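Thank you all for coming; I would like to take a few minutes to walk through one model with you. Please have the sequence and the structure open while I talk.

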Amino acid sequence: MSLPALLRIGAFPPVAHALLSQHFTLVPPEEASDAQWAAFQGLVTRSNQRVDPALIDRLPALRVIATCGVGYDGIAVDHARARGVQVTHTPGVLDTAVAELAVGLLLALLRRLPAADAFVRSDRWHREGAFPLGASLAGKRVGIVGLGRIGRAIADRLAPFQVSLAYHGPTDQGLALSYYPNLAAMARDCDILIVCCPGGARTAGIIDAEVLAALGPRGALVNVSRGSVVDEAALVQALQAGTLGAAALDVFQTEPTANAALLALEQVVLAPHIGSATEETRLAMAELATANLQAVLAGKPALTPVP
Ligand SMILES: NC(=O)C1=CN([C@@H]2O[C@H](COP(=O)(O)OP(=O)(O)OC[C@H]3O[C@@H](n4cnc5c(N)ncnc54)[C@H](O)[C@@H]3O)[C@@H](O)[C@H]2O)C=CC1
Ligand SMILES: O=C(O)C(=O)COP(=O)(O)O
């Protein structure tokens, strides 16, 4: 029996591609025939892709858009809904991987691990002697911007490092952590900000010049959310001027290329949007996307529809 065909938007890592291919025939847009465009009932995509209204409108039989990712800021969700198309995502299964990366980036930043690695490899250790001192994580005040699934996973993992934790978001969740309704006020009281709220229009540029100045010359920013959340021009300016101490970034405004000005800065650690990029996690994401696609195509409710 032939497998149902899915329009595949974007490239998937081998582990996810193989899992999806056990259940579906994946067809990239450039290989789809007119008859297939007319017949696709399902579309599978991922966070680094866009599914815009024009694409949705080319698919008259579409019933479900499944993204292998939790963020859905790249999908025209309202347009899909208006067309009666269900949109699903993969919340929860990637929290651990993203939280581990956030903690890893933070430690890499405070201890300058990429520079330390280069220092040994280039024999500067031998020629120049001791590497410049880093900063301890213990005792620092960490503010989490967006205490959702991933933010809580980050808080859980940071607690044993003897930091004090605060968070900012739309609602006070009544937790033991300090809540700040005002982001700049939290930045003023913190040494480190970790950004893990959703992207999209509502959070665009909320990490602005005022927040960065409040974080201050010894402050560090970690962004594992979306590039859109940080005003990158203001970030570059603050780092160049020394009014912000350091930044670790997994996401960028112009992915997959990073702002050239960031590359020239030493107090920056960069990663290529790898928050969920572990074998285990990408497999779990593909499994959940598959279960969502199968449910909707069988006329059942989606397991994890976008809210
Ligand atoms: N770097 C990477 O590879 C990955 C990045 N992500 C990003 O992380 C985001 C969060 O994922 P989850 O924790 O699962 O989502 P979630 O929906 O569980 O949590 C998001 C939290 O942000 C809060 N929030 C909303 N607007 C805010 C604002 N203006 N300021 C501060 N907080 C705000 C929400 O109230 C919620 O508590 C995703 O939307 C995605 O953009 C997710 C996975 C991997
Ligand atoms: O889940 C998300 O929102 C992510 O950013 C990770 O998704 P990806 O697999 O990198 O497209």
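I will go through the two ligands, then two helix pairs, and finally two places in the backbone. Please keep in mind throughout that this is a predicted model.

Let me begin with ligand 1, which is surrounded by 27 residues, the closest of them being R149, I150, V224, D250 and H273. Two of these reach the ligand through their backbones: a backbone N or O atom of R149 lies 2.9 Å from an oxygen atom of ligand 1, and a backbone N or O atom of V224 lies 3.0 Å from a nitrogen atom of ligand 1. There is also a side-chain approach, since a polar side-chain atom of R226 is placed 3.3 Å from an oxygen atom of ligand 1.

That arginine brings us to ligand 2, where 13 residues lie around the molecule and S47, V70, G71, R226 and H273 come nearest. Which distance separates a polar side-chain atom of R226 from an oxygen atom of ligand 2? The value is 2.7 Å, and for H273 a polar side-chain atom likewise lies 2.7 Å from an oxygen atom of this ligand. R46 takes part too, with an N or O atom of its side chain 3.2 Å from an oxygen atom of ligand 2. So that we do not lose the thread, R226 has a polar side-chain atom 3.3 Å from an oxygen atom of ligand 1 and one 2.7 Å from an oxygen atom of ligand 2, while H273 is listed among the closest residues for ligand 1 and among the nearest for ligand 2.

Now to the helices. Two packed helices are described by the angle between their axes and the distance between those axes. R149 and I150, which we met beside ligand 1, belong to helix α8, residues 149–158, whose axis comes within 8 Å of that of α5 and crosses it at roughly 50°. That angle makes α5 oblique to α8, and the crossing is right-handed. On the α5 side the contact includes D95, V98, A102 and L106, and on the α8 side R149 and I150 are joined by A153, I154, R157 and L158. By class, this contact has nine nonpolar, one polar and four charged residues.

The second pair is α1, residues 14–23, and α13, residues 279–297, which pack at an angle of about 25° with their axes 8 Å apart. Because of that angle, α1 is roughly parallel to α13, and this crossing, too, is right-handed. Among the residues in contact are V15, L19 and H23 of α1, together with R282, L283 and A286 of α13. The contact divides into six nonpolar, three polar and three charged residues.

Finally, the backbone. Most residues other than glycine have a negative phi, and most peptide bonds are trans. R112, in the loop between α5 and α6, has a positive phi, near 50°. E255 and P256 are joined by a cis peptide bond, with omega about 5°, and P256 sits in the loop between β11 and α12.

Terms used
Residues are numbered from 1 along each chain as its sequence is written. Chains are lettered from A and ligands numbered from 1 in the order in which they are written. This is a predicted model: local features need pLDDT of at least 70, side-chain atom pairs count only at pLDDT 80 or more; totals for chains, interfaces and linings use all residues. Side-chain values use heavy atoms; hydrogens and water are left out. Axes are lines fitted to C-alpha atoms, for helices over the stretch in contact, and angles run from 0 to 180 degrees between N-to-C directions. Helices (H or I, at least four residues) and strands (E, at least two) are DSSP runs, numbered from the N terminus. Angles under 35 degrees count as roughly parallel, over 145 as roughly antiparallel, 65 to 115 as roughly perpendicular and the rest as oblique. A crossing is left-handed if the near helix is turned anticlockwise from the far one by less than a right angle, and right-handed if clockwise. Contact means heavy atoms within 4.5 Å. Ala, Val, Leu, Ile, Met, Phe, Trp, Tyr, Cys and Pro count as nonpolar, Asp, Glu, Lys and Arg as charged, and the others, Gly among them, as polar. A residue is near a molecule or strand if one of its heavy atoms lies within 4 Å of it. A polar contact is a pair of N or O atoms within 3.5 Å; within protein, one must be able to donate a hydrogen and the other to accept it, and residues adjacent in sequence count only if both atoms are side-chain atoms.
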